[in-house]
Amino acid sequence: MSDMKPVARPLSPHLQIYKPMLSMMMSILHRITGVAISGGLLLLVWWLTAAAVSDDYFNLVQAFFGHWFGRLVLFGFTWALIHHALGGLRHFVWDTGRGFALPTVEKMVWLHLIAGIGLTLAVWIIGYWVMA
C-alpha cells in the first residue's frame with residue numbers, strides 16, 4: 001500500500017452550485033412541455049378513437065373534456081403547445097448565431113414567457129367567444 005493521498009479534482013457543476021436563472025428555468029420548462037405535449041397527443045388519440053368507436057363512447061369523452069377538470073387539462077395542453085413552439089422559435093434564432101448577448105437573452109426569455117401566457121389566454125377567449 002502507498003501513502004499517496006487522493007488527488008483533489010474539481011467537481012462538475014450541478015443544480016446546487018448554479019444560481020437558478022430565468023433562462024435556465026425556461027430551458028427546463030421547455031423539456032417538460034415537450035413531455036406534456038406527448039401526453040396531450042394521447043388525449044387527442046383517445047378523442048379521435050372515441051369518435052370512431054361509438055356515439056356513446058364519444059359522448060363520454062366529450063363529457064370528460066367538458067368538465068372543469070377536462071377543460072383545465074386542455075388549457076394546460078394549449079399552453080404547453082404554445083410555450084414549446086415559442087421556445088422552438090427562440091432556439092431557432094439562436095441557431096442562426098443571433099441573440100446571444102445577455103441582455104438580448106433576458107429580453108427573449110421574458111418575451112417568450114409573456115407571449116406564451118398571452119397567446120394561450122387569447123386562444124381560449126377567442127374559442128369561448130366563437131362558441132357563444
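How many helices and how many strands does the chain have? The chain has 4 helices and 0 strands, in a model that is predicted. The legends below start with the whole chain and then move in on single residues.

**View 1. The whole chain follows the pattern α-α-α-α along its sequence.** Welcome to the full picture. Along the principal axes, the C-alpha atoms fill a box of roughly 80 × 45 × 25 Å. The radius of gyration of the chain is 22 Å, whereas a compact globule of 132 residues would have one near 14 Å. Of the contacts with a separation of 6 or more, 66% join residues 24 or more positions apart.

**View 2. The surface of the chain exposes about 10,000 Å².** Carbon and sulfur atoms supply 74% of that exposed area. Buried residues make up 20% of the 132 residues in the chain. As for charge, there are 8 positive and 5 negative side chains. The centres of these two sets lie 16 Å apart.

**View 3. The largest nonpolar core brings together M26, W94, V105, M108 and V109.** This core has 5 residues in all. Helix α4, which covers residues 102-131, gives the most to the core, with 3 residues. A good place to pause is M108, one of the core members. Not counting residues up to four places away in sequence, M108 touches R90, V93, W94 and G99. W94 therefore appears twice in this view: as a contact of M108 and as a member of the core, a set of buried residues joined through side-chain atoms within 4.5 Å.

**View 4. L22 sits in helix α1 and is in contact with V109 and W110.** Those two contacts leave aside neighbours within four places in sequence. V109 may look familiar, as it belongs to the largest nonpolar core. Is L22 buried, partly exposed or exposed? L22 is partly exposed, because its relative accessible area is 25%. L22 and L113 are 91 residues apart in sequence, yet their C-alpha atoms are 9.7 Å apart in space.

**View 5. H30, also found in helix α1, is in contact with H83, H84, G87 and G88.** Neighbours of H30 within four places in sequence are left aside in that list. H30 has a relative accessibility of 16%, so this residue counts as buried. Two of its partners, H83 and H84, are histidines like H30 itself.

**View 6. A50 has its place in helix α1, which runs over residues 22-53.** With a relative accessible area of 0%, A50 is buried. Which residues is A50 in contact with, once neighbours within four places in sequence are left aside? They are Y57, F58 and V61. For a sense of scale, look from A50 to T33: the two are 17 residues apart in sequence and 25 Å apart in space, C-alpha to C-alpha.

**View 7. T78 lies in helix α3, made up of residues 68-95.** T78 counts as buried because its relative accessibility is 15%, where the cut-off for buried is under 20%. Apart from neighbours within four places in sequence, T78 is in contact with T120, V123 and W124. These three partners fall within residues 102-131, the span of helix α4.

**View 8. I114 has its place in helix α4.** Is I114 buried or exposed? I114 is exposed, because its relative accessible area is 57% and the cut-off for exposed is over 50%. The C-alpha atoms of I114 and H83 are separated by 9.7 Å, with their positions 31 residues apart along the chain. H83 was met in the view of H30, as one of the contacts of that residue.

Terms used: Residues are numbered from 1 along each chain as its sequence is written. This is a predicted model: local features need pLDDT of at least 70, side-chain atom pairs count only at pLDDT 80 or more; totals for chains, interfaces and linings use all residues. Side-chain values use heavy atoms; hydrogens and water are left out. Buried means under 20% relative accessible area, exposed over 50%, partly exposed in between (1.4 Å probe, protein chains only). Helices (H or I, at least four residues) and strands (E, at least two) are DSSP runs, numbered from the N terminus. Contact means heavy atoms within 4.5 Å. The radius of gyration is taken over C-alpha atoms; the globule rule is 2.2 Å times the number of residues to the power 0.38. Accessible areas come from the Shrake-Rupley method with a 1.4 Å probe; for residues, only the protein chains shown count as cover. Lys and Arg count as positive and Asp and Glu as negative; His and the chain ends are not counted. The place of a charge is taken as NZ of Lys, CZ of Arg, CG of Asp or CD of Glu.
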